[in-house]
Amino acid sequence: MIKFFVSILLIALLSFICGLFLPWWSIAIAAFVVSALIPQRPLRAFFAGFVALFLLWGGLATYFDMANNSILSARVAGMVYLHGSSVALLVVTGFIGALVGGGGSLTAAFLRK
Amino acid sequence: MRIIPFLLSLILTVGLIYCLSRQWGGLQKTPPFGQFFSPQHGFWQNAEPVNKSFDGNLLLAGLKGKGDVYFDENLVPHVFAANHVDASYIQGYLHARFRLWQMEFQTFAAAGRVSEVLGAGRNNAYISYDRSMRRLGMVTAAKAALAKMEEDPVVKADCDAYTAGVNAYISQLKASELPLEYKLLNYSPEPWTNLKIALFVKYMAYDLAGHDNDFEMTNAKSFFNKVDFAKLYPEVQDSVDPIIPKGTHFSPAGFSPKAPATADSLYLNMPLTVTAAESKPDPDNGSNNWAISGSKTMSHRPILCNDPHLSTNLPSIWYQMQIHTPDYNVYGVSFPGAPYVIIGFNDSCAWGITNAERDVRDYYSIKFKDETRKEYWYNGKWVPADQRVDTIVVKGGQPFYDTVASTVFGPVMYDPGFPGFSEEGTTRSYAVHWKPADSSNEIRTFSRFQSMRNYSDYKEAIVTFKSPGQNFAYADKSGVVAIWQQGEFPAKWKEQGRFVMPGEDSSYRWQGNIPQPENPTMLLDTLDSGRGFVSSANQTPVDTSYPYYLGIDFPPYRGLTINRMLNNLNSITPGDMKLMQTSNYDVFAAMAKPLLLRNIHEEPLSADEKNYLKVFREWNCTNNPDEEGPVIFQYWWRHLTKDIYDDEFSKSSLNLMRPFESTLLESLLKDSAYSFIDNINTPEKETLQQVVTKAFLQAVPDLAAAANAGRLTWAKNKDTWVRHLLRIPQLSRTNLPIGGGVHCINAAKKLHGPSWRMIVELTDKTGALGIYPGGQSGNPGSRYYDNFVDKWAAGEYNNLWVMGLEDVKDSRVKWTVHFSNQ
């Protein structure tokens, strides 16, 4: 279980650093690298990557959204058929990052086993 | 390693990334979702904190000296620069900082490069748009203008600095900081150039001088007999009050164009039908301005007012700013995409602009030898046409190659390969002569406006202004008030260019221009005891004693209202001007209402119908947001127009010019037996009373439907938008509670209206008010994106604070940016 939480923390951290310099999909590489170094069973690895990126992307977006009083998220949420719901947009944001992060981690887990 | 699950998982992950990296959809593509949603790359980066500080220190090598920019609470910059070149540099930087996407997109639209960003569009609409702009000669016109601009050392230096300022901002811009629209459409800005400034100027020329009805008029001329034609398209408007008052004496023409010997046989009496269709800017691109002498104001000082009517877009066409240099101190609105303040005031004087709406675009029917369009018949022989191939880059598609022939008259706008926006196609070819395609330097006028001090400076500044022709109102602190309709206008013989002209001989070409000193003007100096004001609202500039042919495509009603109101007002204050600029009084309705009420047959009406009539009768002809009267009037008049004209007009499959609203009203007021009242499809002869009553009865179901939809009040029915340039509703402001309309001084229509309301009182310390429907930031994620919109709709104004260097510590300064080169 410690491995699981450490993985989440490290994936989130490395993804954040990668995001500062590299394209958005570098989160998959970050998740892959951390999960390759900290081996876990595939399902666990997947959830580590998934949760890490859900928290990172969802968290960052929430941070920006609060500072912005949801001005932009309300507009964008209308454009992507979320009926102007900022919360839905935050969840979608987290989910997109989570799927890619989970995929990166899952791939790494199969590499080690 | 479990190779199969590994590979499967790898493929799934890479596949997912691929799917999230591409744009989906057909004509309207999604953004690449991964990048777009990534909080470190995508739109979340554009969510500007509401308490963001705009303070900063900028080190920019292109500056000559130091400069400071003080932002007030509305994010209006007050620029203090060491000289005019640095001022232009900083202005370029600020435009890019707050409006980059818009300024680049507008120049793409000008240059016919929309497909490059948006793709081919539905039915290749964007490609057609691009072709039309390129064929009209927008790019060649901009290049010619640029050459002229760069001959002027002041303009050249300022444009170079402006461009350098824009590029200084672009070059340090990280991908994550790109404006939202770039992320939505998945592209990046290219470097700015002086050519783009010229393109923007030509875009305004297209917007303001790109309107004519030559094709529709040509068809109407061939379809109607002479008597009907004269009734439908009369050459005088009874109700007009021209810019230069009626009865003013004009000298004889300094240049008299000669009508060709064949004008009657080959032109005016020659039936010709046109199936090509033009793309046109909004026909109501107009404006109001007026300037009042001190003799009529409370302060005994002139007051100048201006509200240019343009498409109400987000980001706004305007960016408000103050620019202070050792030579001048100017305040007003600028165009993101060009240097200088365009409408505003300095420490000595104020100026305002409206559109002249003169017809400066004429078409010629060209006879080509064959489909290659390499030779055309001109002055009795086949002569070679120039040909060029335009390459239109299309996002997500193959490039489109357009072969454009060019004649002595100008480029071929429409031909069998490009019928314009007609579904029918065309077998003929039409060359266009468009005045703004002739080379000129309009920017020079504004460069001189910044520092002008008196009437002679103003005259010197405008004298070179060619296109689009404008009414420049002027007022200064010495008490002078003036207006010039300035532009370079072709001197035309009667009805030249009213219809498509024969393009087979030189006698139909424009022969020369109206000499500049003969442009309509009115000057009131301090001793003037006349009417005490000048004004313009796109009405015809002069009465029929002016020695040149001008046509009649001018809206009469706003000008009439303005002149009446100003004649009746004395001891005028800026508060009076606010009420006037936001006046929703509809003089057209006021003239039509008695006619309708006089002719409606009330007896057979049901209680419901009588109720609508009662509301209409009690309506004071003011189009306020909550009134039902304007809605009833609109539907009623629309049905009346259809009932009177459609029986005749529907007999032709051609695109015919529809008579102006003023024509129908004036005809009915003069002649209750107006021949078009009779429905030619029925044996009986209808009367005005019958048709007015019938139109009312037809309007009632529309009104009931509107009432059911909650749209019976004027603002709800009209549904005014301030619309994002990409027409995305969520980035626009919709259903604004604003009244007015096309015939009101407050000319707010659905997508179009007063784009900047300004009132300047030229007291020792200038007092000024202004507002535009938008906000200083072009970022939809900023609280400054649309923060003026509600105030604008409500008819409120911001005080225009002319900051002095002594005000640096004033509480109105919210943020400061220091610019320096070391």
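**Exercise 1. Judge the overall form of chain B in this predicted model.**

Step 1. Start with the expected value: for 822 residues, a compact globule would have a radius of gyration near 28 Å.
Step 2. Compare. Chain B has 28 Å, so the value agrees with that of a compact globule.
Step 3. Add the dimensions. Along the principal axes, the C-alpha atoms of chain B fill a box of roughly 90 × 75 × 65 Å.
Step 4. Check burial. In chain B, 53% of the 822 residues count as buried.
Step 5. Look at contacts with a separation of 6 or more. In chain B, 71% of them come from residues 24 or more positions apart.

**Exercise 2. Trace the 11-stranded open sheet of chain B and find its edges.**

Step 1. Take stock of the elements. Chain B has 23 helices and 29 strands.
Step 2. Write the strand order: β1-β29-β2-β3-β7-β8-β9-β10-β18-β19-β21, with mixed pairing.
Step 3. Find the strands that pair on one side only. These edge strands are β1 (56-59) and β21 (521-524) of chain B.
Step 4. Note the turn. Neighbouring strands of this sheet are turned by 15° against each other on average, direction ignored.
Step 5. Zoom in on one pair. Strands β9 (residues 343-346) and β10 (residues 349-355) of chain B run antiparallel and are joined by two bridges. G344(B) has W351(B) as its bridge partner in β10(B).

**Exercise 3. Place helices α3 and α14 of chain B against the strands.**

Step 1. Take α14 (residues 455-462) of chain B. This helix packs on the sheet and touches β10, β18 (470-476) and β19 (481-486) of chain B.
Step 2. Read its angle. The direction of α14 makes about 160° with that of β18(B).
Step 3. Turn to α3 (residues 84-111) of chain B. This helix lies across β2 (67-71), β3 (77-81), β7 (319-324), β8 (329-334) and β29 (815-820). It runs at about 150° to β3(B).

**Exercise 4. Describe the side of chain A that touches chain B.**

Step 1. Count both sides. Chain A has 32 residues in contact with 33 residues of chain B.
Step 2. List the elements of chain A that give two or more residues: α1 (2-21), α3 (42-67), α4 (71-79) and α5 (86-112).
Step 3. Pick the main contributor. α5(A) gives the most, with 11 residues.
Step 4. Sort by character. This side of chain A has 20 nonpolar, nine polar and three charged residues.

Definitions and conventions:
Residues numbered from 1 in each chain as written. Chains lettered and ligands numbered in written order. Predicted model: local features only at pLDDT ≥ 70, side-chain atom pairs only at ≥ 80, totals over all residues. Pairing = 2+ DSSP bridges. Helix = DSSP H or I, 4+ residues; strand = E, 2+ residues; numbered from the N terminus. Axes fitted to C-alpha atoms, helices over the stretch in contact; angles between N-to-C directions. Contact = placed C-beta atoms within 7 Å. Nonpolar A, V, L, I, M, F, W, Y, C, P; charged D, E, K, R; others polar. Rg over C-alpha atoms; globule rule 2.2 N^0.38 Å. Buried ≥ 20, exposed ≤ 12 C-beta atoms within 10 Å, placed from the backbone.
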